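This report addresses charged pairs, the packing of one helix and backbone torsions. The sequence and structure are shown first.

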Amino acid sequence: DPQARFQRAVAHHKIAKLYGRLPDYGKQLKEHKATLSILDKLLDHDPSNLDYQLAYLETLNGRGWMPKEPLSSRRADAELGLKIIRKSPDRENPWKNEQLVTFIGMKLAFGPDSSEEAEKLAREALEIPGDYRGGRTVLNWLARRAEENEDPATAFDYYRQSLKLNQRLLHNEPNDPGLLRSYVAIQLQCAKMCEVQAKYRMAEEYYRESFVRAVALRDRYKHYYRTQEKLEEAASKLSRFLTKRDRPKEAAQILRESLQHLADGTALHKLHSKQLFRLDDSIEHLTNAIKEFPDVGAYYRDRQVAYRDRGEYELALSDADRSVDLANEDPDVYLARAYTYLVKQQFDKHALADIKKSLELSTDKASVLWQIPVDEVANCSDQSFKDGLAAIADRAIENNDTVSLRVARANLLGAMQFDERAEADFKIALKSASDEDDVHTHYLKFL
């Protein structure tokens, strides 16, 4: 009975969605495969059935956005979805426009074949009438491209359009956790673009609104694991912004408030507790520790971090120098000092020398590369510094070529806009990566 088989496929698809929210990606993938297997056979017998086509497309879309799905599979799913949609007749097909925008967004997100194709697809999607979820993906892709072209004003305009679209979608589905979460994410991007343009008042408004919405989202959907992740991001970015504006007490208050909504004992709770400790109390505690044990380099290193988080860079560097004098065989003290140089926007030979020394001393070179603040490096306009940092990363990998090192270097190269070299590293890493390496996720972020 085709109808019974179709209902079974629908059931598998619903179960896949539930596994995605847990998340259990292994079981989610099995359910997707079971759904597609049934639908393949149904479409063989009735290829023009619109219900079967729509179910097939929704399953491809669900599988395509799975975090651990290989990028090649995601691209193939996007291509197949577009092929099915374009063959489907326009008449009596209420979902064609919505699915077309959705799969154009997937195609853009997972890597179009050329910039010309990307431009054509984006314009096609924008000309389709109606409010569809996939439209946000298209607008966000256009915004990211404007960011890459160092045009924050245009990027902000696209993000704001995406935010308004998300708002209209929420009007029809006010309880959808995915839409609520994406609203927070887009607000954070709007805030970032305002900050880049030195529109600090607007930036603060967006950061604060995103934090308020993230708190409400977390309180409402505690079972949905990604709500905690979004609250952590919103709180961290708002507190960092306030710290940069020389308002550390307000930054501490935001972190303190976020702790009330994060689960005790989780990694995120511990992270915020640590940040709050650094902003509130650690300078006094560490100063007392230094008085009692003046020759322990780690105390100076940690007080340096506290001063750095308060924006007191000269005091931070003074402690950094002392920590290096006392613990000159510890790779962490060099890396901590380099981090302070970069946050201070001091892109020079001193920062490069410290990163190089940390790599020479460390047994975990990938960890050193991952801890370099890519947000700061991405803002560097000194090409000679970028070339020097790239050369240091190259030397780190010469005699120790591992998947983790390749991905760490690719992440750093991508931040400095050495795009071709970064992509080459990702492709080499993908050939020998296991699921645990999570290379696909980092590669997708890079794209």
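## Salt bridges

In this predicted model, 30 salt bridges are present. Side chains of opposite charge can pair when their charged atoms come close. The pairs described below include bridges within one helix and a bridge between two helices.

One of the bridges joins Arg160 to Asp157, with 3.3 Å between the closest N and O atoms. Both residues belong to helix α8 (residues 152–172), and their spacing of 3 residues amounts to about one helical turn. An α-helix has 3.6 residues a turn, so residues three or four places apart point the same way. Arg160 is partly exposed at a relative accessible area of 34%, and Asp157 is likewise partly exposed, with a value of 34%.

A bridge within helix α23 (residues 419–432) pairs Lys427 with Glu423, 4 residues apart and thus about one turn of the helix. Here the closest N and O atoms are 3.8 Å apart; this pair counts as a salt bridge because the cut-off is within 4 Å. Lys427 is partly exposed, with a relative accessibility of 46%, while Glu423 is partly exposed with 24%.

## A bridge between helices and a network

Asp321 and Arg337 form a salt bridge in which the closest N and O atoms are separated by 2.9 Å. This pair links distant parts of the chain, 16 residues apart: Asp321 is located in helix α16 (residues 313–326) and Arg337 in helix α17 (residues 331–343). Are the two partners buried or partly exposed? Asp321 is partly exposed, its relative accessible area being 33%. Arg337 has a relative accessible area of 13% and is therefore buried, since the limit for that class is under 20%.

Salt bridges also connect several residues into a network, whose members are Asp394, Arg406, Arg409, Arg421 and Asp425.

## Helix α6: span and packing

Helix α6 (residues 115–127) comprises 13 residues, for which a rise of 1.5 Å a residue gives an expected span of 18 Å. The C-alpha atoms at its ends are 19 Å apart, in agreement with that expectation.

Which residues of α6 are buried? They are Ala118, Leu121, Ala122 and Ala125. These residues cover an arc of only 100° around the axis, so they lie on the same side of α6. Their packing partners are α4 (71–87), α5 (96–109) and α7 (133–148). On the face turned away from this buried side, α6 carries the exposed residues Glu116, Lys120 and Glu127.

## Positive phi in loops

Most residues other than glycine have a negative phi, and most peptide bonds are trans. Two residues of the model warrant attention in this respect.

Glu150, which is not a glycine, has a positive phi near 55°. This residue is placed in the loop between α7 and α8. With a relative accessible area of 65%, Glu150 is exposed, because the threshold for exposure is over 50%.

Gln345, also a residue other than glycine, has a positive phi of about 65°. The loop between α17 and α18 (349–361) contains Gln345. The relative accessibility of Gln345 is 39%, and the residue counts as partly exposed.

Terms used: Residues numbered from 1 in each chain as written. Predicted model: local features only at pLDDT ≥ 70, side-chain atom pairs only at ≥ 80, totals over all residues. Heavy atoms only, no water. Salt bridge = Lys/Arg side-chain N within 4 Å of Asp/Glu carboxyl O. Buried < 20%, exposed > 50% of the residue type's maximum accessible area, 1.4 Å probe, protein only. Expected span 1.5 Å × (residues − 1). Arc of directions from axis to C-beta. Contact = heavy atoms within 4.5 Å.
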